[in-house]
Amino acid sequence: MKIAVLGTGNLGLSIIKGILKSGENYQIIATRRNTQSIAFLEKDGIEVTSDNAYAITQSDIVIVALKPFNILEVLKEYKQYFTPDKILVSMATGISIQQIQESIENKAVTVMRAMPNTASDVGESLTCLVYNGQEKEKLESVKSLLSHVGSVIQINEDLMEAATVLGACGIAYVLRFMRAMVQGGIQIGFDAKTAVQIVNQTVKGAAELLIQNQNHPEDEIDKVTTPKGCTIVGLNEMEHQGFSSSLIKGINASFQKIEKKA
(Lines give C-alpha, C1' and ligand atoms only; values in the text may rest on other atoms or scores of the structure.)
Protein backbone atom coordinates (compact mmCIF):
# COMPACT_ATOMS: atom_id res chain seq x y z
CA MET A 1 0.00 0.00 0.00
CA LYS A 2 1.24 3.48 -0.87
CA ILE A 3 0.93 6.27 1.69
CA ALA A 4 1.41 10.01 1.21
CA VAL A 5 1.93 12.38 4.12
CA LEU A 6 1.22 15.96 3.05
CA GLY A 7 2.85 18.54 5.27
CA THR A 8 5.45 16.54 7.17
CA GLY A 9 5.85 18.56 10.36
CA ASN A 10 6.11 17.20 13.90
CA LEU A 11 2.90 15.18 13.72
CA GLY A 12 3.59 13.87 10.23
CA LEU A 13 7.09 12.85 11.28
CA SER A 14 5.72 11.03 14.33
CA ILE A 15 3.35 9.04 12.10
CA ILE A 16 6.12 8.13 9.66
CA LYS A 17 8.54 7.12 12.42
CA GLY A 18 5.88 4.96 14.04
CA ILE A 19 5.12 3.19 10.76
CA LEU A 20 8.83 2.60 10.14
CA LYS A 21 9.28 1.10 13.60
CA SER A 22 6.35 -1.25 13.00
CA GLY A 23 8.32 -2.95 10.23
CA GLU A 24 5.31 -2.97 7.89
CA ASN A 25 6.10 -2.72 4.20
CA TYR A 26 4.38 0.54 3.23
CA GLN A 27 5.67 2.77 0.46
CA ILE A 28 5.69 6.27 1.90
CA ILE A 29 5.97 9.65 0.21
CA ALA A 30 6.54 12.64 2.50
CA THR A 31 5.96 16.20 1.30
CA ARG A 32 7.12 19.50 2.67
CA ARG A 33 7.82 22.87 1.09
CA ASN A 34 11.36 22.83 2.49
CA THR A 35 12.45 19.27 1.71
CA GLN A 36 15.89 19.73 3.29
CA SER A 37 14.34 19.57 6.75
CA ILE A 38 13.03 16.03 6.11
CA ALA A 39 15.76 14.80 3.75
CA PHE A 40 17.04 12.49 6.51
CA LEU A 41 13.97 10.28 5.90
CA GLU A 42 15.42 9.16 2.58
CA LYS A 43 17.90 6.86 4.31
CA ASP A 44 14.89 4.84 5.55
CA GLY A 45 13.44 4.47 2.07
CA ILE A 46 10.98 7.35 2.32
CA GLU A 47 10.50 9.36 -0.86
CA VAL A 48 10.77 13.07 -0.09
CA THR A 49 9.26 15.72 -2.35
CA SER A 50 7.70 19.18 -2.40
CA ASP A 51 5.28 18.09 -5.14
CA ASN A 52 1.91 17.47 -3.48
CA ALA A 53 0.22 16.60 -6.77
CA TYR A 54 2.73 13.83 -7.43
CA ALA A 55 2.38 12.47 -3.88
CA ILE A 56 -1.41 12.34 -4.12
CA THR A 57 -1.52 10.63 -7.52
CA GLN A 58 1.01 8.01 -6.45
CA SER A 59 -0.76 7.04 -3.22
CA ASP A 60 -3.71 4.98 -1.99
CA ILE A 61 -4.06 6.74 1.36
CA VAL A 62 -3.31 10.47 1.65
CA ILE A 63 -2.65 11.63 5.21
CA VAL A 64 -3.10 15.40 5.33
CA ALA A 65 -1.09 16.71 8.27
CA LEU A 66 -1.41 20.39 7.37
CA LYS A 67 -2.30 23.17 9.80
CA PRO A 68 -6.00 24.05 10.15
CA PHE A 69 -5.47 27.60 8.83
CA ASN A 70 -4.31 26.45 5.38
CA ILE A 71 -5.62 22.91 4.86
CA LEU A 72 -8.79 23.88 2.98
CA GLU A 73 -6.90 26.23 0.68
CA VAL A 74 -4.31 23.54 -0.13
CA LEU A 75 -6.94 20.85 -0.69
CA LYS A 76 -8.81 23.17 -3.05
CA GLU A 77 -5.59 23.78 -4.99
CA TYR A 78 -5.06 20.04 -5.50
CA LYS A 79 -8.69 18.95 -5.73
CA GLN A 80 -8.33 17.51 -9.25
CA TYR A 81 -5.89 14.87 -7.97
CA PHE A 82 -8.29 13.46 -5.37
CA THR A 83 -9.97 10.74 -7.43
CA PRO A 84 -12.61 8.36 -6.00
CA ASP A 85 -10.02 5.60 -5.49
CA LYS A 86 -8.17 7.72 -2.90
CA ILE A 87 -8.67 7.74 0.86
CA LEU A 88 -8.11 11.18 2.38
CA VAL A 89 -7.31 11.19 6.10
CA SER A 90 -7.26 14.67 7.64
CA MET A 91 -5.43 15.38 10.90
CA ALA A 92 -6.42 19.05 11.09
CA THR A 93 -8.14 20.25 14.24
CA GLY A 94 -11.58 21.79 13.85
CA ILE A 95 -12.01 21.06 10.12
CA SER A 96 -15.06 18.88 9.41
CA ILE A 97 -15.46 16.14 6.83
CA GLN A 98 -18.09 18.29 5.11
CA GLN A 99 -15.65 21.22 4.80
CA ILE A 100 -13.04 18.91 3.30
CA GLN A 101 -15.49 17.45 0.81
CA GLU A 102 -16.56 20.93 -0.22
CA SER A 103 -12.93 21.93 -0.76
CA ILE A 104 -12.11 19.00 -3.05
CA GLU A 105 -15.58 19.23 -4.66
CA ASN A 106 -15.87 15.46 -4.86
CA LYS A 107 -18.08 13.55 -2.43
CA ALA A 108 -17.08 10.29 -4.08
CA VAL A 109 -13.69 10.51 -2.35
CA THR A 110 -13.53 8.69 0.98
CA VAL A 111 -12.73 11.23 3.71
CA MET A 112 -11.86 10.42 7.30
CA ARG A 113 -10.60 12.45 10.23
CA ALA A 114 -7.95 11.13 12.57
CA MET A 115 -6.37 12.65 15.65
CA PRO A 116 -3.27 10.81 16.84
CA ASN A 117 -0.70 12.30 19.19
CA THR A 118 3.07 12.60 19.11
CA ALA A 119 3.45 9.28 20.95
CA SER A 120 3.03 7.87 17.44
CA ASP A 121 6.79 8.31 17.31
CA VAL A 122 7.19 5.37 19.73
CA GLY A 123 4.10 3.38 18.71
CA GLU A 124 2.04 4.44 21.74
CA SER A 125 -0.43 6.93 20.28
CA LEU A 126 -4.13 6.93 20.99
CA THR A 127 -5.74 7.80 17.67
CA CYS A 128 -9.38 8.84 17.48
CA LEU A 129 -10.88 8.12 14.05
CA VAL A 130 -14.03 9.47 12.40
CA TYR A 131 -15.61 7.90 9.33
CA ASN A 132 -19.17 8.59 8.24
CA GLY A 133 -19.20 6.23 5.26
CA GLN A 134 -20.17 2.59 4.85
CA GLU A 135 -17.16 1.04 3.09
CA LYS A 136 -15.77 -1.25 5.78
CA GLU A 137 -12.79 -2.32 3.70
CA LYS A 138 -11.51 1.26 3.47
CA LEU A 139 -12.14 1.82 7.17
CA GLU A 140 -10.17 -1.29 8.05
CA SER A 141 -7.29 -0.20 5.79
CA VAL A 142 -6.95 3.07 7.67
CA LYS A 143 -7.41 1.42 11.07
CA SER A 144 -4.70 -1.09 10.19
CA LEU A 145 -2.34 1.68 9.13
CA LEU A 146 -2.91 3.76 12.26
CA SER A 147 -2.69 0.72 14.55
CA HIS A 148 1.03 0.60 13.75
CA VAL A 149 1.49 3.81 15.72
CA GLY A 150 -0.69 2.86 18.71
CA SER A 151 -4.31 2.18 19.66
CA VAL A 152 -7.22 3.31 17.49
CA ILE A 153 -10.78 4.05 18.58
CA GLN A 154 -13.64 5.16 16.32
CA ILE A 155 -15.75 8.07 17.59
CA ASN A 156 -18.54 10.34 16.35
CA GLU A 157 -17.42 13.51 14.60
CA ASP A 158 -19.08 15.79 17.15
CA LEU A 159 -16.58 14.49 19.73
CA MET A 160 -13.49 15.12 17.60
CA GLU A 161 -12.59 18.47 19.14
CA ALA A 162 -12.92 16.98 22.64
CA ALA A 163 -10.74 14.05 21.53
CA THR A 164 -8.11 16.49 20.29
CA VAL A 165 -7.93 18.18 23.68
CA LEU A 166 -7.89 15.01 25.78
CA GLY A 167 -5.70 12.85 23.55
CA ALA A 168 -3.43 15.20 21.59
CA CYS A 169 -3.14 18.26 23.83
CA GLY A 170 -3.23 15.79 26.71
CA ILE A 171 0.33 14.67 25.95
CA ALA A 172 1.53 18.18 26.84
CA TYR A 173 -0.58 18.24 30.01
CA VAL A 174 0.93 14.98 31.22
CA LEU A 175 4.46 16.08 30.35
CA ARG A 176 4.00 19.33 32.26
CA PHE A 177 2.81 17.32 35.28
CA MET A 178 5.88 15.09 34.93
CA ARG A 179 8.17 18.10 34.73
CA ALA A 180 6.70 19.38 38.00
CA MET A 181 7.29 15.99 39.63
CA VAL A 182 10.92 16.08 38.51
CA GLN A 183 11.33 19.56 39.95
CA GLY A 184 9.85 18.38 43.22
CA GLY A 185 12.16 15.37 43.22
CA ILE A 186 15.19 17.62 42.81
CA GLN A 187 14.03 19.81 45.68
CA ILE A 188 13.82 16.83 48.03
CA GLY A 189 17.29 15.56 47.16
CA PHE A 190 17.59 13.71 43.84
CA ASP A 191 19.80 14.79 40.99
CA ALA A 192 17.89 15.63 37.78
CA LYS A 193 18.82 12.44 35.93
CA THR A 194 17.67 10.17 38.74
CA ALA A 195 14.49 12.19 39.31
CA VAL A 196 13.59 11.87 35.63
CA GLN A 197 14.18 8.11 35.71
CA ILE A 198 11.96 7.67 38.75
CA VAL A 199 9.18 9.90 37.42
CA ASN A 200 9.17 8.33 33.94
CA GLN A 201 8.81 4.81 35.27
CA THR A 202 6.28 5.85 37.92
CA VAL A 203 3.99 7.47 35.34
CA LYS A 204 4.40 4.50 32.99
CA GLY A 205 3.55 2.13 35.84
CA ALA A 206 0.49 4.16 36.85
CA ALA A 207 -0.85 4.04 33.29
CA GLU A 208 -0.27 0.29 33.06
CA LEU A 209 -2.11 -0.26 36.35
CA LEU A 210 -5.21 1.39 34.90
CA ILE A 211 -4.91 -0.31 31.51
CA GLN A 212 -4.33 -3.82 32.81
CA ASN A 213 -6.59 -3.70 35.86
CA GLN A 214 -9.25 -1.65 34.04
CA ASN A 215 -9.86 0.34 37.18
CA HIS A 216 -10.89 3.92 37.82
CA PRO A 217 -7.88 6.03 38.93
CA GLU A 218 -9.44 6.57 42.36
CA ASP A 219 -9.46 2.79 42.98
CA GLU A 220 -5.69 2.66 42.53
CA ILE A 221 -5.22 5.83 44.60
CA ASP A 222 -7.06 4.19 47.50
CA LYS A 223 -4.47 1.39 47.51
CA VAL A 224 -1.68 3.89 48.16
CA THR A 225 -3.34 6.22 50.67
CA THR A 226 -3.01 4.73 54.15
CA PRO A 227 -4.62 6.51 57.14
CA LYS A 228 -2.48 9.41 58.39
CA GLY A 229 0.11 8.54 55.73
CA CYS A 230 2.36 10.80 53.69
CA THR A 231 0.50 10.12 50.42
CA ILE A 232 -2.86 11.49 51.54
CA VAL A 233 -1.19 14.52 53.10
CA GLY A 234 0.48 15.31 49.76
CA LEU A 235 -2.69 14.71 47.76
CA ASN A 236 -4.79 16.90 50.04
CA GLU A 237 -2.23 19.73 49.84
CA MET A 238 -2.30 19.53 46.02
CA GLU A 239 -6.10 19.73 46.05
CA HIS A 240 -6.03 22.68 48.47
CA GLN A 241 -3.82 24.43 45.91
CA GLY A 242 -6.27 23.68 43.11
CA PHE A 243 -4.50 20.80 41.35
CA SER A 244 -7.54 19.01 39.89
CA SER A 245 -9.55 22.17 39.26
CA SER A 246 -6.61 23.78 37.44
CA LEU A 247 -6.23 20.77 35.18
CA ILE A 248 -9.96 20.66 34.42
CA LYS A 249 -9.97 24.40 33.70
CA GLY A 250 -7.00 23.97 31.38
CA ILE A 251 -8.72 21.18 29.45
CA ASN A 252 -11.86 23.27 29.13
CA ALA A 253 -9.87 26.35 28.02
CA SER A 254 -8.24 24.35 25.22
CA PHE A 255 -11.63 23.02 24.18
CA GLN A 256 -13.15 26.50 24.10
CA LYS A 257 -10.25 27.67 21.90
CA ILE A 258 -11.02 24.95 19.34
CA GLU A 259 -14.77 25.59 19.57
CA LYS A 260 -14.27 29.25 18.63
CA LYS A 261 -12.32 28.23 15.51
CA ALA A 262 -14.80 25.55 14.45
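## The annotated stretch

UniProt, in an unreviewed entry, lists residues 157-259 as "domain: Pyrroline-5-carboxylate reductase dimerisation". What you're looking at is a predicted model, and in it this span comes out as 83% helix and 0% strand. Its two end C-alpha atoms lie 13 Å apart.

## Two domains

The domain assignment splits the protein into domain 1, residues 1-154, and domain 2, residues 161-258. If you take the centre of each over its C-alpha atoms, the two centres sit 32 Å from each other. Where the domains touch, domain 1 brings nine residues to the contact and domain 2 brings seven.

## Where they meet

About 580 Å² of area is buried between domain 1 and domain 2, with carbon and sulfur atoms giving 67% of that. On the domain 1 side, three residues lose the most area to domain 2: Thr93, Met115 and Asn117. Together they make up 56% of what that side buries.

There's some polar pairing here too. Three residue pairs are in polar contact between domain 1 and domain 2, counting pairs with both residues at pLDDT 80 or more. As for the kinds of residues involved, the side of domain 1 that touches domain 2 has four nonpolar, four polar and one charged.

## Salt bridges

Side chains of opposite charge can pair when their charged atoms come close. The structure holds eight salt bridges, and one salt bridge is found across the interface of domain 1 and domain 2. Take Arg113 and Glu161: their side chains meet in a salt bridge, at 2.9 Å from N to O.

Another one to look for is Lys17 with Asp121, where the closest N and O atoms are 3.9 Å apart. This pair ties together distant parts of the chain, as the two residues are 104 residues apart. Lys17 sits in helix α1 (residues 10-22), while Asp121 is in the loop between β6 (110-115) and β7 (125-130).

Technical notes
Residues numbered from 1 in each chain as written. Predicted model: local features only at pLDDT ≥ 70, side-chain atom pairs only at ≥ 80, totals over all residues. Heavy atoms only, no water. Domains from an automatic or database assignment. Contact = heavy atoms within 4.5 Å. Buried area = accessible area lost by both parts, 1.4 Å probe. Salt bridge = Lys/Arg side-chain N within 4 Å of Asp/Glu carboxyl O. Polar contact = N/O pair within 3.5 Å; in protein donor to acceptor, adjacent residues only side chain to side chain. Nonpolar A, V, L, I, M, F, W, Y, C, P; charged D, E, K, R; others polar. UniProt positions renumbered as here; feature names shortened; annotations may be inferred. Helix = DSSP H or I, 4+ residues; strand = E, 2+ residues; numbered from the N terminus.
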